[in-house]
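Subject: A structure for you to look at

Hi there,

I am passing on a structure that you have not seen before, and my notes follow it. Please open it first and keep it beside you as you read.

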Amino acid sequence: MKTIALYATDTMADWEYGYLVAGVAMAREQGDDRYQLTVVSDGGDEVTSLGGMHIRPDGAVVDLETSELAALILPGGNTWDAEHDAVLGLAGEALDRGTPVGGICGATLGLARIGILNDRPHTSNALEFLGTATEYSGSEHYRDERTVVSGSLVTAPGTAPLEFAKALFEMLELFPPPVIDAWYGLYTTGEKKYFDQLQGEQ
């Protein structure tokens with residue numbers, strides 16, 4: 001069993017990881033035990049989300065082994081313009097190994113700060129947002145899209161949590177493609193036909 005690690009920070013944006021963690025839980029409820037979700041923080045300490053929720057992590061970033069990671073998930077927040085060196089270092093190691101890393105919203109700024117976005121296609125909240133990182137020189141690779149997949153890296157703006165989750169579901173092969181398509185259709189349109197398809201595929 002491999003670990004999907006969710007990095008929890010103070011001011012983390014609650015809506016940006018909800019679909020993803022719910023999907024992992026749904027897969028486990030259906031008997032898929034390939035992955036377990038682990039919540040980590042910089043020092044293993046409790047954090048408070050942007051919505052005021054108090055989250056008690058399972059451990060610290062330094063306790064994670066890159067070889068045991070199935071994916072590293074970096075939600076946005078208001079603190080990515082500094083700090084987070086440990087998890088950003090881990091993200092670099094994970095990408096070097098071909099392990100999926102997902103960065104959404106403010107987390108893309110953290111990735112920009114360590115040069116990860118300088119030579120690969122990516123997206124974020126806006127090109128100007130990434131430009132606040134002095135280490136960033138990858139503007140020619142910026143894509144104004146809902147999500148961008150480049151190798152094992154998934155990036156998205158904070159307005160695209162569904163697309164972010166879908167891309168990671170596909171990368172992890174968490175569900176068969178028809179299930180992912182029906183799930184995405186249901187949550188983007190609310191149409192009953194997608195619910196019926198989802199029920200029929202499970």
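Let me begin with a pair of strands: β1 and β2 run parallel and are joined by 6 bridges. Strands here are DSSP runs of E with at least two residues, helices are runs of H or I with at least four residues, and both are numbered from the N terminus. Two strands count as paired if DSSP finds at least two bridges between them.

Before going further, a word on the source: this is a predicted model, in which local features need pLDDT of at least 70 and side-chain atom pairs count only at pLDDT 80 or more, while totals for chains, interfaces and linings use all residues. Residues are numbered from 1 along each chain as its sequence is written, and side-chain values use heavy atoms, with hydrogens and water left out.

**The sheet**

Within the pairing of β1 with β2, A5 has T38 of β2 as its bridge partner. The wider picture is an open sheet of 7 strands in the order β5-β2-β1-β6-β7-β9-β8, with mixed pairing. Its edge strands are β5 (59-60) and β8 (148-150), each of which pairs on one side only.

On its other pairing, strand β1 (residues 2-7) meets strand β6 (residues 69-74) in the parallel sense over 4 bridges. Two of the partners to look for are T3 with L69 of β6 and L6 with I73 of β6. β6 also pairs with β7, again in the parallel sense, over 3 bridges; there, L74 has G103 of β7 as its partner.

How covered are these strands? For β6, 6 of its 6 residues are buried. β1 is largely enclosed by the rest of the structure, because 5 of its 6 residues are buried. In these notes, buried means under 20% relative accessible area, exposed means over 50%, and partly exposed is in between (1.4 Å probe, protein chains only).

**The edge strand β8 and the loop before α4**

S150 is found in strand β8. With 12% relative accessibility, S150 counts as buried. Leaving aside neighbours within four places in sequence, S150 is in contact with R120 and P121, where contact means heavy atoms within 4.5 Å.

T123 is placed in the loop between α3 and α4 (127-130). Its relative accessibility is 0%, so T123 counts as buried. Which residues does T123 contact, apart from its neighbours within four places in sequence? They are T108, Y142, R143, D144, E145, T147, V148, T155, A156 and P157. For one of these, T155, the C-alpha atom is 5.7 Å from that of T123, although the two residues are 32 apart along the chain.

**The largest pocket**

The largest pocket has a volume of about 160 Å³. It is lined by 13 residues, and T9, D10, D42, V47 and H84 lie nearest its centre. To spell out the terms: on a 1 Å grid over the protein atoms alone, a pocket is an open set of points with protein on both sides within 12 Å along at least five of seven lines, and lining residues have an atom within 4 Å of a point. Grid points are joined across faces, edges and corners, and a volume is the space filled by probe spheres set on the points.

By class, the lining has 3 nonpolar, 5 polar and 5 charged residues. Here Ala, Val, Leu, Ile, Met, Phe, Trp, Tyr, Cys and Pro count as nonpolar, Asp, Glu, Lys and Arg as charged, and the others, Gly among them, as polar.

Two of the residues nearest the pocket centre, D42 and H84, deserve a closer look. D42 sits in the loop between β2 (35-41) and β3 (47-48) and, at 45% relative accessibility, counts as partly exposed. Beyond its neighbours within four places in sequence, D42 is in contact with Y7, A60, V61 and A86. H84 lies in the loop between β6 and α2 (85-97) and counts as buried at 7% relative accessibility. Phi of H84 is positive, near 60°, in a residue other than glycine.

T11 also has a positive phi, about 70°, although it is not a glycine. You will find T11 in the loop between β1 and α1 (18-29), where it is partly exposed, with a relative accessible area of 22%.

Enjoy exploring, and do write back with any questions!

Best wishes

Notes
1 Å grid on protein atoms, 1.4 Å probe; cavity = no way out; pocket = protein on both sides within 12 Å on 5 of 7 lines; lining within 4 Å.
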